Amino acid sequence: MDPSYVQNLHQLLEATLNPDTNVLRAATTQLNTQYYKSPQCIPALFEIAVTSSNQAIRQLAGVELRKRIASGEGKLWKKTDQSTRTQIKEALLQRLTQEPSAPARHALARIVSAIADIELTTQPVQWPSLLPGLYAAARSQDASHREIAVYVLFAILDTVADSFETELKNLFQLFATTLLDPESNAVRMTTLRGLAKVAEYISTDDKHDIKAFQELVMPMLKVTQQAINDEDDEGVKHAYDVFETLMILDTPLVSKHVGELTQFFLTNAANKDVDETMRGGALNVLAWIVRYKKSKVQALGLAKPIIEGLLPIGCEDDPEDVDEDSPSRLAFRCLDALSQALPPQQVFPVLTAQLQVYMSGDARMRKSALMAFGVSVEGCSEFIRPHVDQLWPAIEGGLQDAEVIVRRAACIALGCLCEWLPEECATRHATIVPILFNLIVDESTQKNACTCLDSYLEILGEDIVNYLTLLMERLLVLLEGGAIPVKITVTGAIGSAAHAAKERFTPYFDQTIKRLVPFLTLQGSDEQSDLRGVATDTIGTIADAVGADIFRPYFHDLMKSAFEALTMDNTRLRESSFIFFGVMAQVFEGEFAGYLPQCVPALVASCQQSESTDELLEDGESSGAAIAEAFASGSSRILDEDITGEDDGETDINALDAMFAKVNSAVAIEKEVATDTIGELFTATKEAFMPYIEETVQILIDLLDHYYEGIRKSAVGSLFAFIKTIYDLSDPQEWIPGAVVRVPLHVDVKKLVDHILPKIFELWQTEDDKSVVILVCSELAETMNKCGPALVEGYLDLIATNAIEILEKKSLCQQDPDGDDENVEDADSSEYESALISNASDVFGAMASILGPDFAQAFGKVLPLISRYSEPKRISSERSMAVGCLGEIIVGLKDGVTQFTQPLLEIISRGLRDEEPDVRSNAAFASGVLIQESSQDLSSQFVPLLTALQPYFSAPEHSAPAVYNARDNAAGAISRMIVKNPNALPLDQVLPVIVSVMPLQFDPLENKAVYAAIFSLFRTRSELLMPHIDHLLKAFAYNLDTAHDDDTTDETKNELRALVEHLRTQVPDKVAQAGL
């Protein structure tokens, strides 16, 4: 080996450690161009790795040698002569026992794994002595030899695991011994890590290997506990990573020990003597157990011990920094995962019992109870809904608690309730709003209260008019004098107030906008950027509320501010600008078209950026700079060349871990928003967007494969928005139901549909995230109802198959390797699972709508699947879904439903007596449409149905909205009976009940049915209606008022006007008195 070559290479390696970037860049360039392309670098780097006196250089030389060996499928290694390779291998193993530095020793071990990846995978094997030698060393009497051997085996497993399939038996025998090494923590911990690598290559069919692994789980926990006891931070992190890996594998390696695992991690999480970071890690693993082993957690009844173990942790204090994790915050995050993963009947009754205990305890216990209530709502909302009245005193009392930590927790809990139970929260505004007004002026609760008020105003609707003046006075005062964090939350609350008030916000527009616009010039700290972003969002919401005419004076200047924000290297501001573009496009529609040449390239550039773009762009150019350039130039090109100009062909596990750790990073969220905005711009600007269709559709299709589910959902939503918008632009004829398409799509629409739908269906079949599949089903059903049978021509069988898989709980996103396949369809469902099934059933409702009677054959196969979810043992949301779905299918089938009349009537009759108002409401609707559409004479069923429906009209005051919906649907059902056969009803008893609920205000869609009965009776039995004429005329006036234009169809309004004209000749004074 030329000494000068080795010396020069050594000097260049030293230069790469120089803090001077110019020196570093020059050295890197010289290494890449003059050294690393020649086989000569292999022995030279090895010599430096084993002889340099500088430990950092030895380690660096080892890392670079491993890269050169692995690069290009071992091209440089294979070009190195055989004798040199043999010398390196022999010296390498010897040096491993002599290297004093652990990092340098690990670098040498990785060299062994790189060589093994080449020489153990060729036939014949080129390094046959390696594995026997390592096995022997791993059993050495010398602990240091055992440590080295096991680490090298781990390194090889990390690289060449495929070649170890035949070695699994030997490895299990060895690891069973080394996992219990009597002297060395390093041997035990490296063995633990090695077992995680072995686990990845055990298939579900390898029963012997599965059993062998299962026997090692408890010893693995002992190693982890020892690391915790020894306060070995790095070892504990490795151990937690191992168990998280085991959770996500399909092979049931830990299924027999889920109970022990749960207890282990819960115990360590609760132990205050354990380091907080380790406790947090234990809670993270527990959340993975809940999420990925939910069937076992459910079967073992672990919800109770988990909840009882988490609530005491929730009593602990939280750090002031809201972004800082702590055991208590992670405990609530784990409880959130539990409530979403398990059926609510396993979670919330246990939690309710604990709430009663904790709400009577000290302040920390009350805080924990309220936080637990809040985070569990998302996964248990439908289960909680009937019990809100009993639970509400905890929220109200918490908001007025003497202790500030309890009041803050109550604000957070109420914010969660607002998101998932908005109607139940909004009806309590008379009590809640004054309390929140008091809390927002209290500095100790101001920030939490403003955030809660923001959420509450979002759902308040028209009732906000009662508070708007006082609300705006208080918010504007806080906006003037509050600290920046307070200004941020207040600004958001103003946006929610505008959203709720809509045009009623107009009187407050001038004084608000002049205070918010200056925030759009902020360019300083992170807090100032956050305020600028929130202000941008709020101004957009205000524009949407007050309309284009009032906002127009600010439109162009604020668009400039939004474009300026794109030039800043701040993902939050870019996100806000994109949202602002979408809102402005919706408000100004065609007027916005002139901004498309600037907006679209910036959106495309955002969608194309990498989540680690800064590492990929040339010369350190940031993603913000690239998007700014795209905005300025109208080009959407993003540079993505590798700065080293090479790909060594190796998967960097640490880099992958880092990438997936950032899956919810600010850049990913920005891309999600950009993806949404693309769809919004086309929807709003229509023809003006056509020049950008081809490029943006391809961008959206590419994003269907993104690893972040939020981006996949946004891409799905925007692609369906494209289909619906281009369909509207085609000036379509009204479609005709039927399996044979009689109204084809326009050729341009058909071309786009055939480009998009196959990609979406491919996503549907391979998607493992429930929320994405829920959106696919929802958007598909909506688009089918809009575009008719031509949309899915040629795809019906595929759609039906995919939807049936969901009803059978056999789709990919529902698969659970630990579940009981035989009873999967009858197992209790989480509410997310129920939402998925509900949306799949909506697909069948849409199919019935577009196929009409031609859906009858398919319905025969689907009915048993849907009816199963209507059974009394199912949770209320599933029963409601099933009956509601059947009602929609009946509407679509028309007289094709006749052959199914009897089984449907049985299901509906059971639903009419259900304890839940949502189920009763859907059953009332379904009973009416079955009577209307079936050719079978159901007159004999009218009286039994009337008896079942009669209690619906006695809705107590302040009932849940579903109770009033049920009443309106009952009115619609009886009205359909009247139209079908009035002689089968006691009209003198029925009509007063129908008239008393007019005009319908909770389910106005039933106005069509109710008025159809009224019109029919006025034509044939008007004497029955005249005693009620005063009330009827008031209802007529209400429904003919333009303020309620959407409550009835144009056809109904036209016939109603004709009736009013007729009545003007009969009772002119009464008509005039009603204002008609």
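Which residue lies over the face of Trp392? That would be Arg428, at 4.8 Å from the ring centre. Keep in mind as you look around that this is a predicted model. Aromatic rings are a good place to start, since a search of the whole structure finds 30 aromatic pairs. Disulfides are another story: the same kind of search turns up zero.

**Aromatic pairs and their cluster**

- Take Phe509 and Phe551, an edge-to-face pair with 6.2 Å centre to centre and 65° between the planes.
- Phe509 sits in helix α29 (residues 509-516) and Phe551 in helix α31 (residues 548-566), so this pair ties together parts that are 42 residues apart in sequence.
- Phe509 has 2% relative accessibility, so it counts as buried; Phe551 is buried too, with a relative accessible area of 0%.
- Phe551 also pairs with Phe588, this time in a tilted arrangement: 6.4 Å centre to centre and 50° between the planes.
- That second pair again links distant parts of the chain, with Phe551 in helix α31 and Phe588 in helix α32 (residues 571-588), 37 residues apart.
- Both Phe551 and Phe588 are buried.
- Zoom out and you'll find these rings in one aromatic cluster, made up of Phe509, Phe551, Tyr554, Phe555, Phe563, Phe578, Phe581, Phe588, Phe592 and Tyr595.

**Arginines over rings**

- Besides Arg428 over Trp392, have a look at Arg920, which lies over the face of Tyr952.
- In the Arg920 case, the distance from the ring centre is 6.0 Å.

**Cysteines without partners**

- With zero disulfides found, what is the nearest cysteine sulfur to Cys380? It belongs to Cys416 and is 12 Å away, and Cys380 is in no disulfide.
- Cys380 has 0% relative accessibility, so it counts as buried.
- For Cys777, the closest cysteine sulfur is in Cys813, at 8.2 Å, and that is too far for a bond because a disulfide needs the two sulfur atoms within 2.5 Å.
- Cys777 is buried as well, with a relative accessible area of 0%.

**Helix α10 and what covers it**

- Which residues of helix α10 (residues 168-178) are buried? They are Leu168, Leu171, Phe172, Leu174, Phe175 and Thr178.
- The cover over those buried α10 residues includes α8 (130-138) and α9 (143-160).
- Also included in that cover are α11 (185-199) and α12 (207-214).

How values were computed: Residues numbered from 1 in each chain as written. Predicted model: local features only at pLDDT ≥ 70, side-chain atom pairs only at ≥ 80, totals over all residues. Heavy atoms only, no water. Buried < 20%, exposed > 50% of the residue type's maximum accessible area, 1.4 Å probe, protein only. Helix = DSSP H or I, 4+ residues; strand = E, 2+ residues; numbered from the N terminus. Contact = heavy atoms within 4.5 Å. Phe/Tyr/Trp six-rings, centres within 6.5 Å; stacked < 30°, edge-to-face > 60°. Lys NZ or Arg CZ within 6 Å of the ring centre and 35° of its normal.
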